[in-house]
Amino acid sequence: MALSSTIFKAELHIADNDRAYYASHQVTIARHPSETDERMMVRLLAYALCADEDEQLAFSKGLSDMDEPDLWRKDLTGQIQLWIETGMPDERRLQKAAGRSDEVKVYAYGRNVPIWWQGIAGKLERFARLSVYQWDVQGTQDLAALAQRNMQLHLNIQDDQVWVSSEAGDAHLSLQVLKGAAE
């Protein structure tokens, strides 16, 4: 018998000073049986960084469907406006994403990101609408420790820094831009 996903509910209170976006969102996120708390919380953090008023940003099937990103925003016609990956995706996956979406963002995390980036950076230069970011290792580990089946997270975002607080504790994360999208 296959294991089923574990459902988490999160109430996000977002204060994004960089985008002047201040809102609360109720989200439900399914953690795949093979997914770690760290990866799930990075997906939740990516949601908070890209959320907006139209609430079209959604979690996809993720690990359950290899043809879908971790998160995406589609317009009313079904065109993918934003494709978001977490982790260290390969070049072919990002090439497919760039061909199907108006914008692609990667939020990489983990100790091996520098090695992954060194091997893939040159291959990604041609993707003008691709942005790649790296989270600090300690920050994502601290964020993973906040995972609970029902969470209330307060996120304060400013100058590539994110402060997250909850009843379970606090986390501070630094975001480094590895590749910015062409304007």
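The following paragraphs describe the sheet, the helices packed on it and several loop residues in a predicted model.

The sheet is open and consists of 10 strands, which follow the order S2-S1-S8-S9-S10-S7-S6-S5-S4-S3 with mixed pairing. Its edges are formed by strand S2 (21-31) and strand S3 (57-59), and because each of these has a single partner strand, one side of each is left without a neighbour in the sheet. On average, and with direction ignored, neighbouring strands of this sheet are turned by 25° against each other.

Both parallel and antiparallel pairs can be followed through this order. Strand S1 (residues 6-16) runs parallel to strand S8 (residues 150-158), to which it is joined by eight bridges, and in this pair Asp 16 is placed opposite Ile 157 of S8. With S2, by contrast, S1 runs antiparallel, and 11 bridges join the two strands; here Ile 14 faces Ala 23 of S2. The hairpin of S1 and S2 has four residues between the strands, and in this hairpin Ala 20 takes a positive phi near 55°.

Two antiparallel pairings involve S10. Six bridges link S9 to S10 in the antiparallel sense, with Val 164 standing opposite Ala 171 of S10, and the two strands form a hairpin that has two residues between them. S10 also pairs with S7, again antiparallel, over four bridges, and in that pairing Gln 134 is found opposite Gln 176 of S10.

The loop between S8 and S9 contains two residues with uncommon backbone angles. Most residues other than glycine have a negative phi. Asp 159, which lies in this loop, nevertheless has a phi near 50°, a positive value in a residue other than glycine, and Asp 160, in the loop between S8 and S9 as well, has a positive phi near 60°. As to accessibility, Asp 159 is exposed, with a relative accessible area of 56%, whereas Asp 160, at 38%, is partly exposed.

Several helices accompany the sheet. Helix H1 (residues 37-50) packs on the sheet and touches S1, S2, S3, strand S4 (71-74), strand S5 (80-86), strand S6 (101-108), strand S7 (130-135), S8, strand S9 (161-166) and strand S10 (169-179), and the direction of H1 makes about 150° with that of S2. Helix H2 (residues 91-100) lies across S5, S6 and S7, and runs at about 145° to S6.

H1 also packs against a second helix. Two packed helices are described by the angle between their axes and the distance between the axes. For H1 and helix H4 (residues 137-144) the angle is about 100° and the axes are 8 Å apart, and the two helices are therefore roughly perpendicular to each other. In this contact, Asp 37, Glu 38, Met 41, Val 42 and Leu 45 of H1 meet Val 137, Thr 140, Gln 141, Leu 143 and Ala 144 of H4. By character, the residues of the contact of H1 with H4 divide into six nonpolar, two polar and two charged.

In H2 and H3, buried and exposed residues lie on opposite sides of the helix. An α-helix has 3.6 residues a turn, so residues three or four places apart point the same way. In H2, the buried residues are Arg 93, Leu 94, Ala 97 and Ala 98; they cover an arc of only 135° around the axis, which puts them on the same side of H2. Arg 92 and Gly 99, on the other side of H2, are exposed. The buried residues of H2 pack against S5, S6, H3 and S7.

In helix H3 (residues 113-124), the residues Val 113, Trp 116, Trp 117, Ile 120, Ala 121 and Leu 124 are buried. When viewed down the axis of H3, these buried residues fall within an arc of 135°, so they line one face of the helix. On the other side of H3, the residues Ile 115, Gln 118 and Gly 122 are exposed. The elements that cover the buried residues of H3 include H2, S6, S7 and S10.

Conventions
Residues are numbered from 1 along each chain as its sequence is written. This is a predicted model: local features need pLDDT of at least 70, side-chain atom pairs count only at pLDDT 80 or more; totals for chains, interfaces and linings use all residues. Side-chain values use heavy atoms; hydrogens and water are left out. Two strands pair if DSSP finds at least two bridges between them. Axes are lines fitted to C-alpha atoms, for helices over the stretch in contact, and angles run from 0 to 180 degrees between N-to-C directions. Contact means heavy atoms within 4.5 Å. Angles under 35 degrees count as roughly parallel, over 145 as roughly antiparallel, 65 to 115 as roughly perpendicular and the rest as oblique. Ala, Val, Leu, Ile, Met, Phe, Trp, Tyr, Cys and Pro count as nonpolar, Asp, Glu, Lys and Arg as charged, and the others, Gly among them, as polar. Buried means under 20% relative accessible area, exposed over 50%, partly exposed in between (1.4 Å probe, protein chains only). The arc is that of the directions from the helix axis to the C-beta atoms.
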